[in-house]
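User: Please take a close look at the open sheet in this model. I would like to know how its strands are ordered and paired, and what packs against them.

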Amino acid sequence: DWTPEHTLEALIADIRAKVGKDRVLLAVSGGVDSSTLALLLSRAIGSQLTAVFVDHGLLRLNERHEVEQALRPLGDENLRVVDASEQFLRALKGVADPEEKRKIVGREFIRVFEAEARKLSQEGCRWLAQGTLYPDVIESAGGEGAANIKSHHNVGGLPPDLNFELLEPFRYLFKDEVRELALLLGLPEPIRMRHPFPGPGLSIRILGEVTPEKLDVLRRADDIFISALRDWNLYDSVSQALAVLTPLQSVGVIGDERSYGYVLGLRAVSTADFMTADWARLPLDFLDEVARKITRQVPEVGRVVYDITSKPPATIEWE
Ligand code: XMP
């Protein structure tokens with residue numbers, strides 16, 4: 001009979017048996033799967049684990065700090081945080097097309113991660129761990145070679161000469177089971193129950209070209225929205241919530257002057273599988289408070305709109 005405690009013990013025993021005294025590399029994204037896996041591996045093999053967290057400069061406010069805090073149990077030597085923001089922003093400069101942005105972020109991610117993986121491989125690291133879940137295994141059944149990092153998402157594989165063996169402890173688990181493990185392993189609540197966040201990060205939530213100024217505006221507005229959802233106990237009632245910065249400037253009035261400010265979109269959806277989604281009927285008083293707060297605290301935003309389109313025909317993200 002299945003209990004999370006049994007699963008945890010079984011996974012730890014499996015990992016130890018498989019890996020022995022070898023070293024293991026893991027890419028952490030800040031999501032629940034890779035964070036839980038980091039804590040699990042750390043529990044199983046201690047300092048044989050090296051986790052790499054690539055900060056692509058497209059994270060939400062305080063996200064990097066939250067991840068660093070959550071992965072504190074690994075110890076400083078076993079968590080490598082690579083700040084590659086400038087490299088990503090440079091690569092994204094002048095690019096407005098969504099698919100192009102996705103490709104660039106995926107490519108730069110692989111570049112940065114590959115450089116770390118190469119160093120570790122030279123130090124004798126043999127395994128590459130991934131938080132692949134059972135639904136991912138089904139989805140990509142057939143063609144997955146070793147050392148692909150979520151190839152069905154954003155990034156391609158590592159070059160074959162790196163030759164890692166793949167370790168996928170979650171390949172028979174569903175998300176809910178991973179969340180139960182996360183609880184046992186002490187992963188902080190905000191990460192354990194976190195909404196999904198796309199690999200390309202905020203780059204696809206700034207419609208058109210990504211600039212440092214726009215990232216800053218979006219981060220502050222997004223944080224107000226998400227914090228308010230938590231304050232109103234609404235966060236767990238929706239499957240995903242996000243803010244989108246449009247390139248539109250609309251007219252407003254400040255004092256008796258006309259002003260121009262960005263149009264910011266808010267979106268929240270309920271969904272079982274993210275293939276279809278219904279827009280969330282958030283309370284009007286809540287939306288009112290969020291719009292007031294955003295326009296007050298982020299003066300670059302002149303107008304806040306709430307997306308009432310379901311998927312299909314609209315996607316969850318705006319790009
Ligand atoms: P859409 O916008 O396609 O999103 O309705 C469905 C889910 O997928 C996420 N999403 C992505 N995740 N890389 C990712 O890792 C991407 O390029 C990407 N695009 C969308 C989206 O946030 C939602 O959860």
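Analyst: What follows describes the open sheet of this predicted model, and then turns to the other strand pairings and a helix contact for context.

The open sheet is formed by five strands, which lie in the order β3-β2-β1-β4-β5 and pair in the parallel sense. The edge positions are taken by β3 and β5 (165-167), each of which has a single partner strand, so one side of each is left without a neighbour in the sheet. From one strand to the next, the twist averages 25 degrees.

At the β3 end, strand β2 (residues 49-55) runs parallel to strand β3 (residues 79-83), and five bridges join the two. Within this pairing, Val54 stands opposite Val82 of β3. The connection can also be described as a unit, since β2, helix α3 (residues 63-70) and β3 together make a right-handed β-α-β arrangement.

At the β5 end, strand β4 (residues 127-129) pairs with β5 over three bridges, again in the parallel sense, and here Ala129 has Leu167 in β5 as its bridge partner. Helix α2 (residues 32-45) packs on the sheet, where it touches β1 (24-28), β2 and β4, and the direction of α2 makes about 155 degrees with that of β1. As a general point on such strands, side chains in a regular strand alternate between the two faces of the sheet.

Other strands pair elsewhere in the chain. Strand β6 (residues 240-254) and strand β7 (residues 257-270) are antiparallel and pair over 12 bridges, with Gln249 opposite Tyr262 in β7. The hairpin of β6 and β7 has two residues between the strands, and Gly255 takes a positive phi near 65 degrees there. Strand β7 also runs parallel to strand β9 (residues 301-306), to which five bridges join it, and Val263 has Arg303 in β9 as its bridge partner. Two further bridges join β7 to strand β8 (residues 278-279) in an antiparallel pairing, in which Ser270 stands opposite Asp278 of β8.

Among the helices, α1 (residues 4-19) and α7 (residues 175-185) pack at an angle of about 85 degrees, their axes lying 10 Å apart, and these two helices are therefore roughly perpendicular to each other. Their contact brings Pro4, Glu5, Thr7 and Leu8 of α1 to Glu177, Glu180, Leu181 and Leu184 of α7, and by class this contact has four nonpolar, one polar and three charged residues.

Note on methods:
Residues are numbered from 1 along each chain as its sequence is written. This is a predicted model: local features need pLDDT of at least 70, side-chain atom pairs count only at pLDDT 80 or more; totals for chains, interfaces and linings use all residues. Two strands pair if DSSP finds at least two bridges between them. Helices (H or I, at least four residues) and strands (E, at least two) are DSSP runs, numbered from the N terminus. A crossover is right-handed if, with the strands pointing away from the viewer, the path from the first strand over the helix to the second runs clockwise. Axes are lines fitted to C-alpha atoms, for helices over the stretch in contact, and angles run from 0 to 180 degrees between N-to-C directions. Angles under 35 degrees count as roughly parallel, over 145 as roughly antiparallel, 65 to 115 as roughly perpendicular and the rest as oblique. Two residues are in contact if their C-beta atoms, placed from the backbone, lie within 7 Å. Ala, Val, Leu, Ile, Met, Phe, Trp, Tyr, Cys and Pro count as nonpolar, Asp, Glu, Lys and Arg as charged, and the others, Gly among them, as polar.
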